[in-house]
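Reader: I am new to looking at protein structures, and I would like to learn how to read one feature at a time. Could we begin with the overall plan and then go on to single residues?

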Amino acid sequence: MDNYPIPSIPSKYWKAISNNDSDFDNEFYYGVKTTKIFCRPSCKSRVPNKNNVYIFKEAQSALELGFRPCKRCKPDNLLLPNEEWVEIICEWMDKNFQDDITLNSLSEIFHSSPFHLQRTFNKVKGESPLAYLQKKRLTTAAKKLKDTNYPIQLISSEVGFPNNSYFSTVFKKYYQVTPNNYRKQFR
């Protein structure tokens, strides 16, 4: 059996994924290319975007292509080590930090309960996922303040803060200086 994903998803497989159909559990696995996690068809995680799904006949095929087993459905009873799982979450947040991200949305994307994700992330990283996310947003904003002439309000929205005053408050708490004064330090 080849080690490459099936390029198009047969309709019966997509239906099985959408309906969490356990009858297909020994027939195929599906991987989500945005998270690099693979699951059984019966996995109770959120239904992925069909364009991001690969179908695998064997769990080993998914592993060979760099996909990691789901924490929720444990395909073939494989377990993803917590450290690797948290790194995958961090990589995803590093790419998507501008989006509206909550603990609940992370737990859906990464096939976990919010409590388990929070506890595991905290144990591995020493901070919560949302603290990690906020630090990523703030360091990106600081770089933009230093390297560009973009208005502060634009930078605030580009890095994912819902409004400028909240951004200024959080920025000042983190850097002990307002965004405007931070920028002035580098002029």
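Reader: In what pattern do the helices and strands follow one another along the sequence of the protein chain?

Author: In this predicted model, the protein chain reads α-β-β-β-α-β-α-α-α-α-α-α-α along its sequence, and that pattern holds 9 helices and 4 strands. The C-alpha atoms fill a box of roughly 60 × 30 × 25 Å along the principal axes.

Reader: How much of the protein chain is buried, and what share of the contacts joins residues 24 or more positions apart?

Author: Of the 187 residues, 44% are buried, while the accessible surface comes to about 10,200 Å², with 48% of that area belonging to carbon and sulfur atoms. Among the contacts with a separation of 6 or more, 59% are between residues 24 or more positions apart.

Reader: Which feature does UniProt place at residues 87-185, and what are the helix and strand percentages there?

Author: The record, an unreviewed UniProt entry, places "domain: HTH araC/xylS-type" at those residues. In the model, residues 87-185 are 75% helix and 0% strand, and the C-alpha atoms at the two ends of this stretch are 34 Å apart.

Reader: Where is Ser107, and is Ser107 buried or exposed?

Author: Ser107 lies in helix H4, which covers residues 103-109. Because its relative accessible area is 4%, Ser107 is buried. Leaving aside residues up to four places away in sequence, Ser107 touches Arg72, Ser112, Ser113, Pro114 and Leu117.

Reader: Now I would like to read a loop; where is Thr34 placed, and which residues does Thr34 touch?

Author: Thr34 sits in the loop between strand S1 (29-32) and strand S2 (37-39), and, not counting residues up to four places away in sequence, Thr34 touches Asn52 and Trp92. Thr34 is described as partly exposed because its relative accessible area is 44%. As an example of how to compare sequence with space, Thr34 and Pro151 are 117 residues apart in sequence and 31 Å apart from C-alpha to C-alpha.

Reader: What sign does the phi angle have in Asn20 and in Lys36?

Author: The general idea is that most residues other than glycine have a negative phi. Asn20, although not a glycine, has a positive phi of about 50°, and this residue is found in the loop between helix H1 (11-18) and S1. Lys36 is not a glycine either and has a positive phi of about 60°, in the loop between S1 and S2.

Reader: What else can be read from Lys36, and over the face of which ring does Lys36 lie?

Author: Lys36 lies over the face of Phe67, at 4.3 Å from the ring centre. With a relative accessible area of 33%, Lys36 is partly exposed.

Reader: How many disulfides are counted, and why is the sulfur of Cys70 not bonded to that of Cys43?

Author: A disulfide is a covalent bond between the sulfur atoms of two cysteines. The count here is 0 disulfides. For Cys70 the closest cysteine sulfur is that of Cys43, and because the two are 3.8 Å apart, they are too far for a bond, given that a disulfide needs the sulfur atoms within 2.5 Å. The sulfur of Cys73 also has Cys43 as its closest cysteine partner, at 3.8 Å, which is again too far for a bond. Cys70 counts as buried at 0% relative accessibility, and Cys73 counts as buried at 14%.

Reader: How many aromatic pairs are there, and how are the rings of Tyr29 and Phe38 arranged?

Author: The count comes to 16 aromatic pairs. In one of them, the rings of Tyr29 and Phe38 have centres 6.0 Å apart and planes at 85°, so this pair is edge-to-face, since planes over 60 degrees apart are classed that way. Tyr29 is buried at 6% relative accessibility, and Phe38 is buried at 0%.

Reader: How are the rings of Phe161 and Tyr166 arranged, and which residues form one aromatic cluster with them?

Author: The ring centres of Phe161 and Tyr166 are 5.8 Å apart and their planes meet at 55°, so the pair is tilted. Phe161 counts as buried at 5% relative accessibility, whereas Tyr166 counts as partly exposed at 39%. These two residues belong to one aromatic cluster together with Phe167, Phe171, Tyr174, Tyr175, Tyr182 and Phe186.

How values were computed: Residues are numbered from 1 along each chain as its sequence is written. This is a predicted model: local features need pLDDT of at least 70, side-chain atom pairs count only at pLDDT 80 or more; totals for chains, interfaces and linings use all residues. Side-chain values use heavy atoms; hydrogens and water are left out. Buried means under 20% relative accessible area, exposed over 50%, partly exposed in between (1.4 Å probe, protein chains only). Contact means heavy atoms within 4.5 Å. UniProt positions are given in the numbering used here, feature names are shortened, and annotations may be inferred rather than shown by experiment. Rings of Phe, Tyr and Trp (its six-membered ring) pair if their centres lie within 6.5 Å; planes under 30 degrees apart count as stacked, over 60 as edge-to-face and the rest as tilted. A charge sits over a ring if NZ of Lys or CZ of Arg is within 6 Å of the ring centre and within 35 degrees of the ring normal. Accessible areas come from the Shrake-Rupley method with a 1.4 Å probe; for residues, only the protein chains shown count as cover.
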